[in-house]
Structures are given as structure tokens and as C-alpha cells.
Amino acid sequence: MQSKLTMDNNQKKRFLTYDEQIELLNKKGISCNTEREYDYLARIGYFNLINGYKEPFVTGRNKNGEHIYLKDVSVDNIYDLYSFDQQLSGYLFPLLKSIEHEVRALTIYQFDKSNNNGLTHWSDVNSYDDTKDKKIIQKTINQVCINVGRSKNDYITHYRNKDEQLPTWIAFKVVNFSTLISIIANSKSSVYKTLCSRYRIQSRKILLSFLHCIRIFRNASAHNERFFSTRLNHRIYKNEQIIQLFISNFGKSPNQKYRDFFDLLIALKYFLSKDEFDRLASFLHRKLNVLNHLLPKPAYHYVLNKMGIRENRIIDGMFLDNDLDILHYLNIK
């Protein structure tokens, strides 16, 4: 038998027709009166659009615990934020995938090179960093085996049928991004040093934290989750110059509980070419300017805050070539 609480919740969450959804929105204080807004609900869905992007427009709760919204907020406003987020995610996804593919290719090559040109197999604990705990290394190897076991790719089946050991370039190709990062974390020093050298990153800790940042945003984009406010659950290690940038210009320590989109920009500054990053910064600057004109000011500043960006001019400084130039730019503005 259902409890009264369960039945009450089911009644509150009952199916609503489009007309009933519109009536509910207007009752909540979110204007929805045009065919265009009706179409947004039909194409995107109430949950994805309204529940996904309403927070910047909320000012508090009434005595019944219901949200109170900014004056004159409409479904059009919420759609504008949704559209911005979709464009941001869509622009960055190919770049994040490209970084993943490049890091994967470099790791595969250097891993085999550091292991007698592939003669020491990736499933052998001796092919990894001998200063690491063997249990941690074995756990990484097990993760690779699980990933490979789930793969249905023809080239995996080919080796299974021949009962041959999978070469590194096959096994590491099919592992997920998280497992790839574990491989890098536990590989011999030449693997991570090659990556650090290529991307001008100062240490393995910073490299791994940047890769986790890229992974989390890549996954959010791939699964069509809200992108601009994605939070990172890994500590982002930074050199002293980046730490000072955060403290002096954003009034917060980079070791705060929440990490955000600005951390991704910092990581991409290292992984993208100058032209790629300049195009990204220009794109972001334009889209934020447009959003500033479309949203009520409190909602716009809420979005910036969630992204970890104090104001749009900060993006201008990201065009510069290195951390010291960024700091100099921000200090003289």
C-alpha cells in the first residue's frame, strides 16, 4: 500500500498537458503566452527547460516554500539562457574531444616506448611506475580489463577470437577518459613528463587535475547536461601565478569547495593552440555580451558567478600568451 506521502508526491508530479503547463507557469509568475514559448515547451520539455534553467531567475521562496521569480520573467528569458548553454556546450565539445584523443595518442605511444617498445605488456605491473603502490596499479589494470571486456568493437573481437594479448594501442583506445587518466597517474615518469612538456604544465598533479576538469565538462556536454554551471569534484592544482590570479581578481581561493567553468578556461589555455583559444575567448565574449542584453541583470550576474567569471572583461585577458601576461592585464585594468 502506498503511503500518504507517496500518494501526495505522485499527485503533485502528475502528468500535465501543454496547456496545463502554461497555466502552471503563469501562476508561478513565469510568463508563457506566445506560440513560440509553447513550442519551446514542446520541443525541449518542461523539466529540461524550466527545471533545468530557472535558478538564475529565482529571488527566494514564499511562506508556502514556493519559488518567487524576478518580475516580468518569461519562458523566452529561460530559453535564452538554455540556448546560450547549448551553444557553449556545442562549441566546446569538439575541442574537449580533440584534447582527449590527442592525450590518448601521446599516452599510448610513450607508454610502449617506456616499456621496451611494447615488449612489457600493459597488463604487467612492471610496466607502470615502480614507486606506486602495486595495489593501486593493479586496480588501474583491472579498470582497463573491465573497459575492454565491455567493448563490442570489431578490432577487440578480432583479438579475442585469436586468443591473443591486446596491444596497448587497442586496449587504451577503448578505455574511458577516467581510466585513461588513471593510467597516466600510474605510468612511468616519462609518460607524464612527455605530456607536461608538450602542454607546458609544471607537474603531474596539475596535469591530472586539468585532465579531470576537461573530462567532467566533456561528459556534461556528451550527456546534454546543463553546462555553464558544471561543478568539479576534483581539486584543481595550480601554480602560484594562477593561485594569485584567483585570489586577487576573483576574491576566492582556488582550493574552495566548488570549482567551475573558469577552471576549464585555465586548463584550456594550456591544451589549446593560441589560435584555438583566441577563437574560444572571442566566441565566449560575444555570447556573454548577447546574454547580458537578453537576461535581467540579476539573472545575468548569477550566470557569471556560477561560471566563476566576475565580469565579461576578464575574458579579454585570456587572449594573452601566459599567466604573467594575464595577471599584468588584470592588474592594470
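Leaving out neighbours up to four places away in sequence, Val191 touches Thr107, Gln110, Phe111 and Ser114. All of this is read from a predicted model. Val191 itself sits in helix α10, which covers residues 189-199. With a relative accessibility of 1%, Val191 counts as buried, since the cut-off for that is under 20%. There's quite a stretch of chain involved here: Val191 and Tyr109 are 82 residues apart in sequence, yet their C-alpha atoms are 8.8 Å apart in space.

Phe111, one of the contacts of Val191, also takes part in an aromatic pair. The structure holds 13 such pairs. In one of them, Tyr40 and Tyr79 are stacked, with 3.8 Å from centre to centre and 5 degrees between the planes. Tyr40 belongs to helix α3 (residues 35-44) and Tyr79 to helix α5, so this pair ties together parts of the chain 39 residues apart in sequence. Both of these tyrosines are buried. Phe111 and Phe172, in turn, pair up edge-to-face, at 5.0 Å centre to centre and with 70 degrees between the planes. This pair links distant parts of the chain as well, with Phe111 in helix α5 and Phe172 in helix α8 (residues 168-174), 61 residues apart. Phe111 is buried, its relative accessible area being 0%, and Phe172 counts as buried at 0% relative accessibility. Back with the tyrosines, Tyr40 and Tyr79 join Tyr53 and Tyr82 in one aromatic cluster.

Helix α5 also has helix α14 (residues 274-294) for company: the two axes come within 10 Å and cross at roughly 175 degrees. Because angles over 145 degrees count as roughly antiparallel, that is how α5 runs relative to α14. On the α5 side, the residues that meet α14 include Leu81, Phe84, Leu88 and Leu92. Their counterparts in α14 include Leu280, Phe283, Leu284 and Leu288. Sorted by type, the residues of this contact come out as 12 nonpolar, 2 polar and 4 charged. Among the charged ones are Asp80 in α5 and Arg279 in α14.

Finally, a couple of loop residues have backbone angles worth pointing out. Asp72 has a positive phi of about 65 degrees, although it isn't a glycine. Asp72 is found in the loop between β2 (67-69) and α5 (75-113), and at 67% relative accessibility it counts as exposed. Arg200, another residue other than glycine, has a positive phi too, near 60 degrees. Arg200 lies in the loop between α10 and α11 (204-222).

Methods:
Residues are numbered from 1 along each chain as its sequence is written. This is a predicted model: local features need pLDDT of at least 70, side-chain atom pairs count only at pLDDT 80 or more; totals for chains, interfaces and linings use all residues. Side-chain values use heavy atoms; hydrogens and water are left out. Helices (H or I, at least four residues) and strands (E, at least two) are DSSP runs, numbered from the N terminus. Buried means under 20% relative accessible area, exposed over 50%, partly exposed in between (1.4 Å probe, protein chains only). Contact means heavy atoms within 4.5 Å. Axes are lines fitted to C-alpha atoms, for helices over the stretch in contact, and angles run from 0 to 180 degrees between N-to-C directions. Angles under 35 degrees count as roughly parallel, over 145 as roughly antiparallel, 65 to 115 as roughly perpendicular and the rest as oblique. Rings of Phe, Tyr and Trp (its six-membered ring) pair if their centres lie within 6.5 Å; planes under 30 degrees apart count as stacked, over 60 as edge-to-face and the rest as tilted.
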